[in-house]
Amino acid sequence: MELFEPLAPVIPVFFLIAVGFVFAHWKKISLAPLTELIVYLGTPSLVFTSLAGKPLVATDIAVLFAGTVTMFAAVGLLIRLYFFSFRFRSRGFAVPSLFMNAGNMGLPLALFAFGQPGMQRATLLFVIITSFQYSLGIYILTGGSNWKEIFRLPLLYTTIAGLSFNLGQIKIPEMLFQPLALLGQSTLPLMLVGLGYRLHNFQSLQWGHALGGALLRIFGGFAAAWLAVHLIGAEGVNRQVLLLYGALPAAVINFVLTEKYGQDPQLAASIVVLSTFISVFTIPVVLWLIL
């Protein structure tokens, strides 16, 4: 039974992704209103209640931030080595290879695998990674413009509020905390179903460099996370969540951003699809190694 224990957190995640995929085959809808609800209501509520709910010490924040920066630096170096080795260069390759699916997959996987302590750390990682994605990621895609996008989203402000309540040990009245927590938790299944729906709508796959980017994202990301946790001395849940996040597939938002800025969106979409498919097999192995 212990051999199959890592499958327990994986099955619900990929089941809900499959639900979204099948639903897209059966019925066509616009995800725009759902995305707006997730971005402006669900995710801010999830971030605030996860960060404010249980004690989080400053050292945890420092470890997770240092681990994320180290991971990105190591994966960035691997991307540069890939470009040099294959005499190839593409911003649409770099961004999905660098930024993992911190929200749709990372949050529910951390919750199912590590419980509320894992969910709390994953939420903080989600915020850190999203901040980099809407600053460094857009900087990579545009060469420097529109990096202020992160300040237009409520995510940053709910993070500051959640951490302030947590570190200041401010108690939130239960009658306010419970509906906010319920709104935030409803976001997780919607994220996964939405991911499956979007994966169904990708029309065609590229191979070659797309497969290289997918392998770099998962195997290079996990190697970078392994290096990071050893360099910074991460332990316990912090270590587990950092290693899980290193092995996550590319985020769908990478395709959206590359399409918006005209940087090889088809290549980015192919990296998202291939890395998500590969992660079906690699995430149980990663969880088996770190649980």
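# A quick tour of an all-helix fold

At 41% relative accessibility, Tyr-40 counts as partly exposed. On this scale, buried means under 20% relative accessible area, exposed means over 50%, and partly exposed lies in between (1.4 Å probe, protein chains only). The model is predicted, so to speak of local features a pLDDT of at least 70 is needed, side-chain atom pairs count only at pLDDT 80 or more, and totals for chains, interfaces and linings use all residues. Residues are numbered from 1 along each chain as its sequence is written, and side-chain values use heavy atoms, with hydrogens and water left out.

**Overall build**

The chain has 11 helices and zero strands. Both kinds of element are DSSP runs numbered from the N terminus: helices are H or I with at least four residues, strands are E with at least two. The chain has 291 residues, and a compact globule with that many would have a radius of gyration near 19 Å; the chain has 18 Å, which agrees. That radius is taken over C-alpha atoms, and the globule rule is 2.2 Å times the number of residues to the power 0.38. Along the principal axes, the C-alpha atoms fill a box of roughly 55 × 50 × 45 Å.

Of the 291 residues, 52% count as buried. As for contacts (heavy atoms within 4.5 Å), take those between residues at least 6 apart in sequence: 85% of them join residues at least 24 apart. The accessible surface comes to about 13,500 Å², and 70% of that belongs to carbon and sulfur atoms. These areas come from the Shrake-Rupley method with a 1.4 Å probe; for residues, only the protein chains shown count as cover.

**A greasy spot on the outside**

Back to Tyr-40, which sits in helix 2. Together with Leu-37, Leu-41 and Leu-183, Tyr-40 forms a nonpolar patch on the surface, with about 360 Å² of accessible area in total. Patches are made of residues with over 30% relative accessible area and no salt bridge; like charges are joined within 9 Å, and nonpolar side chains (Val, Leu, Ile, Met, Phe, Trp, Tyr) within 5 Å. Helix 2 (residues 32–53) gives the largest share of the patch, three residues.

**Helix 9, tucked inside**

Eight of the 11 residues of helix 9 are buried, so helix 9 is largely enclosed by the rest of the structure. Among the buried ones are Val-241, Leu-242, Leu-243 and Leu-244, along with Asn-238 and Tyr-245. The cover over them includes helix 3 (58–86), helix 5 (106–142), helix 8 (209–232) and helix 11 (265–290).

Gln-240 is a good one to click on in helix 9. Leaving aside its neighbours within four places in sequence, Gln-240 touches Phe-114, Ile-290 and Leu-291. Just past the helix comes Ala-247, in the loop between helix 9 (236–246) and helix 10 (252–260). With neighbours within four places in sequence again left out, Ala-247 is in contact with Arg-217, Ile-218, Phe-222 and Val-286. Ala-247 and Val-272 are 25 residues apart in sequence and 13 Å apart in space, C-alpha to C-alpha.

**One salt bridge**

A search of the whole structure finds one salt bridge, meaning a side-chain nitrogen of Lys or Arg within 4 Å of a carboxyl oxygen of Asp or Glu. Asp-60 and Arg-121 are the partners, at 3.3 Å, N to O. The pair links distant parts of the chain, since Asp-60 is in helix 3 and Arg-121 in helix 5, 61 residues apart. Both residues are buried.

**Rings on rings**

Rings of Phe, Tyr and Trp (its six-membered ring) pair if their centres lie within 6.5 Å; planes under 30 degrees apart count as stacked, over 60 as edge-to-face, and the rest as tilted. By this rule there are 14 aromatic pairs. One of them is Phe-72 with Phe-99, edge-to-face at 5.2 Å centre to centre and 70° between the planes. Phe-72 is in helix 3 and Phe-99 in the loop between helix 4 (91–98) and helix 5, 27 residues apart. Both Phe-72 and Phe-99 are buried. Phe-72 also pairs with Phe-132: the ring centres are 5.5 Å apart and the planes at 85°, so this pair is edge-to-face. Phe-132 sits in helix 5, 60 residues from Phe-72. Elsewhere, Tyr-82, Phe-83, Phe-86, Phe-88 and Phe-93 form one aromatic cluster.

Here are some relative accessible areas for the bench notebook.

| Residue | Relative accessible area | Class |
|---|---|---|
| Gln-240 | 16% | buried |
| Phe-72 | 8% | buried |
| Ala-247 | 2% | buried |
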